[in-house]
Every structure is written in C-alpha cells, then in structure tokens.
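Trainee: Please take me in close on one part of this model, and don't rush it. After that, I'd like to hear about the rest of the chain too.

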Amino acid sequence: MLKLNSDYAIENELIEICGLFFDLETTNAVVECAFLECAPYIMVDGRFYCINLSVNIREKKFSRLCKTELYKVLSAYTGKKFPWGALTGVRPTKLGYEIAAAGGDIVEGLMAYEVDKQKAETIKRIIGNQMGLKRSEKKISLYVHIPFCTSRCNYCSFVSLPTKGNEALMARYTDFLIKEIQSGVETLCEGDYQVDSIYIGGGTPTALSDDLLEAVLASIPYRGIEFTVEAGRPDTITASKLDIMERHGVTRISINPQSFVDKTLGEIGRAHTADDIKRIYRLAKGRFIINMDLIAGLSSEDMDDFSYTIDEVAKLKPENITVHTLARKNGSIIKTKGVSNTHNVSQMVDFAYSKLLDIGYEPYYLYRQKNMLDNLENIGYALPGTMCVNNITTMEEFYSVFACGAGAISKRIFEGNRIERHPNLRDVRLYIEQFDERLAKKVKFFL
C-alpha cells in the first residue's frame, strides 16, 4: 500500500507511520510518497498533498522530517492524532537529549514532530530528573536472566518456561548461569570495567527455590551498589527468600501487582490476589526499596478499575511505581486471540500521571514499545532520592551491559555513540549445549 518515488532507505520507517492510521493487513489505502528535492509530495488514494520538505537528504534528521510530513498528511486525511506524533522509536528521550545538546528547547523541538505538548513536557521533566548521568565506556551494568515463571500472563511475550515439571532443568540452568556470572566477573575485572549496578530479571527470579536463588546471589561478589531483583509475583515471595536477598546485598525488589482488581488478576493468568500483594509488601517494606508495576489497558478494565488500582498503590506508597501501557506483543495470548481493551487507555495513563505527581512522585524514565494501546508509553516514577539508576542507564544506553543467561543481550557502549550488541541463545537447552563456545565469544566481545 506504500509507494516510494525515491531512492531513500526509509521505507520501513514510513510504513510504521502508515501503521498508526491503517490496519496494514486489511487496508486498501494506497499512499505514495515522493521526497524529491524539486517537488516533494504525498498522495493518499489519489488525493494530492503538497508538502514542505526543504532539508537535504544527507542530513541526519531527513528521515524524521519525512515521517513528520507523512504523519501530518495522514492525520489530515483520517482525522486521527496520536500523542507521540511522528515519533515511532522506543526512546523519545534520546531525541530530547539531542535537541538539548544542540541548544534547542526540548518541548518546542519535540512538538515540531507533532508530539503532544504534555508528552513533550514530560520528556523535558524526565531528562531534568536523570541526575546528570552521562555516557561512559567503562561503567557497566550486570544483568542476570532467569527464564522461568510459575504461570504465563496473557500479555507476556517473553521466552520463559513453567517451573512445574522443569525442576531438574532449572537446577542445571542455574549451574551454567553461575559459571557465566563468574566468567563475567573475571572478564570485567580484566577489562577494568566499573560495575555500577546489578539487575536480576526474568521471567521471575523468585520462582527459583531457596537453594538455587541463594546460589545465584552468592556468585555475585559486588556489594554496596544498587542491586535489584525482580520478585514480581507475590506468590513466589516468602520470608525466607526476602532473608536470602537481604543477606546477599540486594537493595531493591519489584513486587508487581499489575492490578489490584482480583477479577482482572484471574483473567490475565496471575496466581495471587490483591490481598496477597499487600501482605508481601508489608513483609518487605523497610528492608528494600520497592517498585510496583501496573498496567493500563488490561483485559476488560475500565477507568473505575484502573483508578482503583492507582488509589490502592498510592495508599501503600512504594518508593517506585512503573505504569505500563498494555502492548499487544507478538507471541502473547492477547495478540493470538485478538483480545483488546476498548476503553480510553489514554485517560488511564493521564490519570496516573496527575495522581502520582500530586502525591510526590517524579517521572524519571520512559520508553515505548510496538503495538501499545493508543500508541502510548511506559513511565517509571520515583519518590525523591529513590530513582533506579539501572533503569536510566540501560534505557538511555549510557552504560554497557554484561548480560548473563538464556536470551540476555549484552551491549557495549563506544565513543561516538556507537553501540554493539551480543545476544545469548534464547532457548534454555541450546544455551546449555553451546555454553562454552558462546561464552568464549562473549569474553572476546568485552576485551
């Protein structure tokens, strides 16, 4: 449905803009773009639009401006607008930093790409809250991946295995994971890297048994730095696991309700209730900085359900709250079955933003994903002095990441904003079978 009268390698980016306005699998609409210097134009179903595009094709911002002109035309044609305008990337903050570095006003600069003013102001506020963190070639984050869960949520697209029936595989996987962590510690020392933060994610790390969790944590020698464990599911958290984490220097954990509505929790595949969340929260409070994840747009939830969840988490007042917008990801149950929330998700996200700022939280990181409802975003909020540095440096790609475990992706940051990636095999069994060969390549990648 998209025709390009040009030699420019931006077709995929333009298709992303078309995808905001049309269902690309079913539409018969024909969009023709001609970004020739002499007479640029766009046609939609034969309707001609003369556009203003005077930038040289060799300029860095050329593709963004082409996308913006297409966005304006399709917005006029369909009558639709989206909060992030012509921006389709994961990190709108990256553009905000570029605008600021060039001496421009972040809000005005973002609005030039048809970004909603409130979203542009949020980006400016987040950049101001990111504590002056800057890119570093020698600072690094250690990431450890646990690809096991007690059950599968209907919105999840991550590669993870159920704990039930895989106990032997979990133990074997943990043995190899520890070898990779220990190799990583040696590699980082040899390469003179400074480990700035540790993050253990998944999956659900606390789905491991006490012995396996303790073995993984004991293999990590760093103490006195930010150390986060995703203990996301309340049904996997016990007093003994909290003791193990505290004993091994963990400073932050996630306890992720997603919703405080019991009906919703059952629908999305969670094996706990809202009361379970509150009980575990009371056990952990005061021992760790706590983050709670919430999702706007779950299942059949309406505004009353979501505002109830926000009010409940506000009563608990954990140090960090992350408000996600539901993304219909490939491989998830909701994508496969075509499940979608038809309520006003934008209203939910706006309500959370206003409510959390009113009670003392500040937005400190933001990212976007494909297929998000209403083309929205995920925002992390923190009480003063409790921002998660790992969330900032990883999302903004300020520091390198040494990532251990099946499906984990390592990254190296180089001078001149160059980034290289080194992925581990996603399949747990293949990760084990090809461990030595793959580990040797990763060591070489970092040295």
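Mentor: One definition before we zoom in: a polar contact here is a pair of N or O atoms within 3.5 Å, and within protein one of them must be able to donate a hydrogen and the other to accept it. Also keep in mind that this is a predicted model.

Now go to R270, in the loop between α9 (262-268) and α10 (274-284). This arginine is buried, yet it has no salt bridge. Which side chain of opposite charge is nearest to R270? That would be D235, 5.6 Å away. A salt bridge needs the nitrogen and the carboxyl oxygen within 4 Å, so D235 doesn't qualify. What the R270 side chain does reach is the backbone oxygen of N256, at 3.2 Å. That falls within the 3.5 Å cut-off I started with.

Walk on from the loop into α10. Its buried residues are A274, I277, K278, I280, Y281 and A284. So there is a lysine, K278, on that buried list. In general, an α-helix has 3.6 residues a turn, so residues three or four places apart point the same way. The buried residues of α10 pack against quite a set of partners: α8 (239-247), β10 (252-254), α9, β11 (289-296) and α11 (303-316).

Past the end of α10 you meet G286, with a positive phi near 90°. Then look at R287, whose side chain meets that of D243 in a salt bridge, 2.6 Å from N to O. This pair ties together distant parts of the chain, with R287 in the loop between α10 and β11 and D243 in helix α8, 44 residues apart. Remember that α8 is also among the elements that the buried face residues of α10 pack against. Neither partner is buried: R287 is partly exposed at 26% relative accessible area, and D243 is partly exposed at 37%.

For contrast, try E397 and K411, whose salt bridge is 3.3 Å from N to O. E397 sits in the loop between α14 (389-395) and β15 (400-404), and K411 in strand β16 (residues 409-414), 14 residues apart. Here both ends are buried, E397 at 5% relative accessible area and K411 at 10%.

Then there's a pair within one helix: K441 and E437 both lie in α16 (residues 435-446), four residues apart, about one turn. Their closest N and O atoms are 3.7 Å apart. K441 is partly exposed at 45%, as is E437 at 47%. Back with the buried pair, salt bridges that share partners join R91, E397, K411 and R421 into one network. Altogether the structure holds 22 salt bridges.

K441 also touches H422, a residue of strand β17 (418-423). H422 is buried, at 14%.

Finally, zoom out. The chain has 16 helices and 17 strands. Its radius of gyration is 23 Å, close to the 22 Å that the globule rule gives for 447 residues, so the chain is as compact as a globular protein of that length. Of those 447 residues, 55% count as buried. And among contacts with a separation of 6 or more, 72% come from residues 24 or more positions apart. The salt bridge between R287 and D243, 44 residues apart, is one link of that long-range kind.

Notes
Residues numbered from 1 in each chain as written. Predicted model: local features only at pLDDT ≥ 70, side-chain atom pairs only at ≥ 80, totals over all residues. Heavy atoms only, no water. Helix = DSSP H or I, 4+ residues; strand = E, 2+ residues; numbered from the N terminus. Buried < 20%, exposed > 50% of the residue type's maximum accessible area, 1.4 Å probe, protein only. Lys, Arg positive; Asp, Glu negative; His and termini not counted. Rg over C-alpha atoms; globule rule 2.2 N^0.38 Å. Contact = heavy atoms within 4.5 Å.
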